[in-house]
Amino acid sequence: MRFVTTIIIGAGQSGLAMSRHLTARSIDHVVLERGEVANSWRTERWDSLRLLTPNWQSRLPGYAYDGPDSDGFMAMPEVVRYLGRYADVSGAPVVTGTRVTKVRLAPGGYQVSTSQRPWQCRTLVIASGACNIAAIPSQTAGLRHTVNSLTPMQYRNPGVLADGGVMIVGASASGMQLAREIHASGRHVVLSIGEHVRMPRTYRGRDIQWWMDAIGAMDVRYDAVEDIERARHLPSLQLVGTPERVTIDLNSLRKSGVELVGRLVGLGDGKAQFSGSLANNCALADLKMNRLLASIDDWVDENGFADRFPASYRYEPTDVGPKTRLSIDLQDSGIRTVIWATGYRPDYSWLDVPVLDRKGRIRHDGGIVAAPGMYVMGLPFMRRRKSSFIDGAGDDAADLAAHLSHNLDRAAA
Ligand SMILES: Cc1cc2nc3c(=O)[nH]c(=O)nc-3n(C[C@H](O)[C@H](O)[C@H](O)COP(=O)(O)OP(=O)(O)OC[C@H]3O[C@@H](n4cnc5c(N)ncnc54)[C@H](O)[C@@H]3O)c2cc1C
């Protein structure tokens, strides 16, 4: 058994940012990682994926993008190299190839069993990721065995799919990007759409992420939001990072030939049934996008910056076409694969401390978990809107490291 003051579980950006802050505070710690640094980016993403956040926004404590294309979007091998270098330059004490298999309460802290040696610590930071498991709806059970079922974590490129058409369920960033790529490979694609967040890539001459950063939208705190539960469960933005800075929206997908249908409500007897709420969901998404654009316009005007940017404008409302199908016979329509782009969730199967609610979610207040000396990082809107993004890890780690350090000081006094 080895003893260390703090154990961080996971060497993604969250764990590495926390490690950097603990080092600055001279708190001895290790980062236990089941794979290698940036394991999720290495092993759980599809081949063509690029960040949807621009390179300049991959800011981490004491580290920033310094390459030649600060407005570009990193491909996965670049993200892996970027985080790998960060781990090196910050001297993060990462122990790779070490899977945490159990965390239990122990006198004065936690006992941590791993696939290697056991550890004990006084404080624990769970930075094991918010997207460990694809969240699949119960409808999968109604799928016939002749239809393949995949998640974005399993998908790599169109070449891995069985011949035939593809139904993608979910129109957030993952679903939209996969629909675009798979349709471009020459297949029929049906995209099933529920609540979604429409977002243009650029507005008034700037990237939308630049605007959200400028107006402070990404810094909004969790305790300043009326309905934080809802905010934490919003789908990801309909964005893609491409060198051409294309906007990906339902209009562009439909024009290219992707078939749009409503939210999947049933699957059985070889048939998929969809809700009739597609037009309403799209109208709501348009409304919300326009609200964001209006708040950008307000910020420009209030700051007297109108002459620095092109005049304001609005995008075409979403047009789902004259008629969308409410039911599809998968066999007759040639659909051979269903991809469940319905979100992700964390895996806490190794956590043997009573801190989970009845839905299996960790109970925390801005990352301070309801157990002494335990913290969590990287969850959606955990302390700020940007908490689950690369750019959000630094501020959250600074706050939580300060809290953790104060905790240790109090215990020592
Ligand atoms: C498809 C996709 C695209 C995204 N695109 C962007 C983007 O463009 N820009 C952006 O800012 N964010 C993006 N995100 C969101 C976010 O940045 C990533 O999810 C990121 O990986 C989260 O970093 P993290 O450090 O919190 O978790 P992770 O990167 O998931 O790191 C957690 C680490 O913990 C390890 N681990 C897990 N369980 C254990 C265990 N039991 N024992 C030991 N180690 C363990 C994992 O191997 C992993 O290395 C995207 C997310 C997804 C899913």
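Aspartate 66 sits in the loop between α2 and α3 (76-89), where helices (H or I, at least four residues) and strands (E, at least two) are DSSP runs numbered from the N terminus. Is aspartate 66 buried or exposed? With a relative accessible area of 69%, aspartate 66 is exposed; the cut-offs are under 20% for buried, over 50% for exposed and partly exposed in between, using a 1.4 Å probe and protein chains only. Its C-alpha atom and that of valine 261 are separated by 43 Å, and the two residues are 195 apart along the chain.

A quick word on what we're looking at, everyone. This is a predicted model, so local features need pLDDT of at least 70 and side-chain atom pairs count only at pLDDT 80 or more, while totals for chains, interfaces and linings use all residues. Residues are numbered from 1 along each chain as its sequence is written, and side-chain values use heavy atoms, with hydrogens and water left out.

Let's go to the ligand. How many residues surround the ligand? There are 31, counting a residue if one of its heavy atoms lies within 4 Å. The closest are Ser14, Glu33, Ser40, Leu52 and Thr53. Helices α1 and α2 (39-43) each supply at least two residues of that shell, and α2 gives the most, with 3 residues.

Now the polar contacts, meaning pairs of N or O atoms within 3.5 Å. Glutamine 13 has a polar side-chain atom 2.9 Å from an oxygen atom of the ligand, and arginine 34 also places a polar side-chain atom 2.9 Å from a ligand oxygen. Leucine 52 takes part through its backbone, with an N or O atom 2.6 Å from an oxygen atom of the ligand. On its own the ligand has 970 Å² of accessible area, and the protein covers 94% of that; these areas come from the Shrake-Rupley method with a 1.4 Å probe.

On to the helices, starting with α8. Its 25 residues (278-302) should span 36 Å at 1.5 Å a residue, and the end C-alpha atoms are indeed 36 Å apart; the expected span is 1.5 Å times one less than the number of residues. Among the buried residues of α8 are Leu278, Cys282, Met289, Leu293 and Asp297. Their cover includes β11 (197-198), β12 (202-203), α5 (208-214), α7 (250-256) and β15 (259-261).

Let me pick out aspartate 297, which belongs to α8. Why does aspartate 297 count as buried? Because its relative accessibility is 9%. Leaving out residues up to four places away in sequence, aspartate 297 touches Tyr203, Arg204, Ser312 and Arg314, a contact being heavy atoms within 4.5 Å.

One of those partners, arginine 204, lies in the loop between β12 and β13 (206-207). Arginine 204 is buried, at 5% relative accessibility, and its phi is near 45°, a positive value in a residue other than glycine. Most residues other than glycine have a negative phi. Arginine 245, in the loop between β14 (237-238) and α7, also has a positive phi, of about 55°. Arginine 245 is partly exposed, with a relative accessible area of 27%.

Last stop, α9. The buried residues of α9 include Ala393, Asp396, Leu400, Leu404 and Leu408. The full buried set covers an arc of only 160° around the axis, which puts these residues on the same side of α9; the arc is taken over directions from the helix axis to the C-beta atoms. They pack against β1 (2-9), α1 (13-24), β6 (119-126), β22 (368-369) and β23 (374-376).

Terms used:
Polar contact = N/O pair within 3.5 Å; in protein donor to acceptor, adjacent residues only side chain to side chain.
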